[in-house]
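Student: I would like a close look at a single part of this chain rather than a tour of everything. Please pick one element, go through it carefully, and then set it against its surroundings.

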Amino acid sequence: MDQALSYLPPFEGLLPKWLALVSVISAANSVQAYFSEAYTAQLYNGRLADGRPHSNAHSSRLFGTWTFVSAVVRFSAAYNITTPVAYDLAAWTFGIALVHFVGEWLGFGSAQPKGRFVSPLIVASASLTWMLTQRSAYLGL
């Protein structure tokens, strides 16, 4: 167990560990999005007028790529949490994700606040809030 824990970010507090965990989960979600458009259809759970989902194979792969980029930025920030650029870029990934998901829900109607869609809303809003409130503690500003 100690050996497994030695791979976690070597910083005080839970935020760096959270960023690493969210990164690993996001990378796994990216793989799902690449190999199954059903994953993205469950996330963007709104329907077109004819009953089809808003997503397709291409949009699923695009979402997978976007999610993987976010995972890389967050993972980097987990291990460089005291570096302002890394910290701020990770915070931006959560802010951009939150604006995107709220926009898909309230603006475009491609998602409804139920099922798989709720998790990214919670993770993005909670993580962004956490990062904004802890910025000075990790960056010493």
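Tutor: A cut-off is needed before anything else: a residue is called buried under 20% relative accessible area, exposed over 50%, and partly exposed in between. Ser136, which lies in helix α6 (residues 118-139), has a relative accessibility of 44%, so it counts as partly exposed. Ser26, by contrast, has a relative accessible area of 8% and is therefore buried.

Please keep in mind that this is a predicted model. The protein chain has six helices and zero strands, and from the N terminus on the order of elements is α-α-α-α-α-α. Of its 141 residues, 35% count as buried, and the C-alpha atoms fill a box of roughly 55 × 30 × 20 Å along the principal axes.

The part I would choose is helix α4, which has 23 residues. At 1.5 Å a residue α4 should span 33 Å, and because its end C-alpha atoms are indeed 33 Å apart, the expected and modelled lengths agree. The buried residues of this helix are Ser60, Phe63, Gly64, Thr67, Ser70, Ala71, Arg74, Ala77 and Ala78. In reading such a list, it helps to recall that an α-helix has 3.6 residues a turn, so residues three or four places apart point the same way. As for partners, the buried residues of α4 pack against α2, α3 (37-43) and α5.

The packing against α2 can be followed from the other side, starting at Ser26, whose place is in helix α2 (residues 15-35). Once residues up to four places away in sequence are set aside, Ser26 touches Thr67, Ala71 and Arg74, and these three names also appear among the buried residues of α4. Such links between distant stretches fit the wider picture, since residues 24 or more positions apart account for 68% of the contacts in the protein chain with a separation of 6 or more.

The next step is to see which cores lie around this helix. The largest nonpolar core has 16 residues, and Leu15, Leu19, Ile81, Tyr87, Phe94 and Met131 touch the most other members. Elements giving two or more residues to this core are α2, α4 (57-79), α5 (84-107) and α6, with the largest share, five residues, coming from α5. A second, separate core of 11 residues includes Tyr44, Phe63, Ala97 and Phe117, and Phe63 is one of the buried residues of α4.

Two residues beyond α4 fill in the surroundings. Tyr87, not counting residues up to four places away, touches Leu15, Ile81, Trp130, Met131, Gln134, Arg135, Tyr138 and Leu139. Leu98, whose place is in helix α5, is in contact with Leu121, Ala124, Ser125 and Leu128, leaving aside its neighbours within four places in sequence. Leu98 and Ala124 are 26 residues apart in sequence, yet their C-alpha atoms are 5.4 Å apart in space. The C-alpha atoms of Ser136 and Ala27, 109 residues apart along the chain, are separated by 28 Å.

To finish with the outside of the protein chain, the accessible surface comes to about 8100 Å², of which 67% belongs to carbon and sulfur atoms. The mean positions of its 8 positive and 6 negative charges are 7 Å apart.

Key: Residues numbered from 1 in each chain as written. Predicted model: local features only at pLDDT ≥ 70, side-chain atom pairs only at ≥ 80, totals over all residues. Heavy atoms only, no water. Helix = DSSP H or I, 4+ residues; strand = E, 2+ residues; numbered from the N terminus. Buried < 20%, exposed > 50% of the residue type's maximum accessible area, 1.4 Å probe, protein only. Contact = heavy atoms within 4.5 Å. Areas by Shrake-Rupley, 256 points an atom, 1.4 Å probe, with all protein chains shown as cover. Lys, Arg positive; Asp, Glu negative; His and termini not counted. Charge placed at Lys NZ, Arg CZ, Asp CG, Glu CD. Core = buried A, V, L, I, M, F, W, Y, C linked by side-chain atoms within 4.5 Å. Expected span 1.5 Å × (residues − 1).
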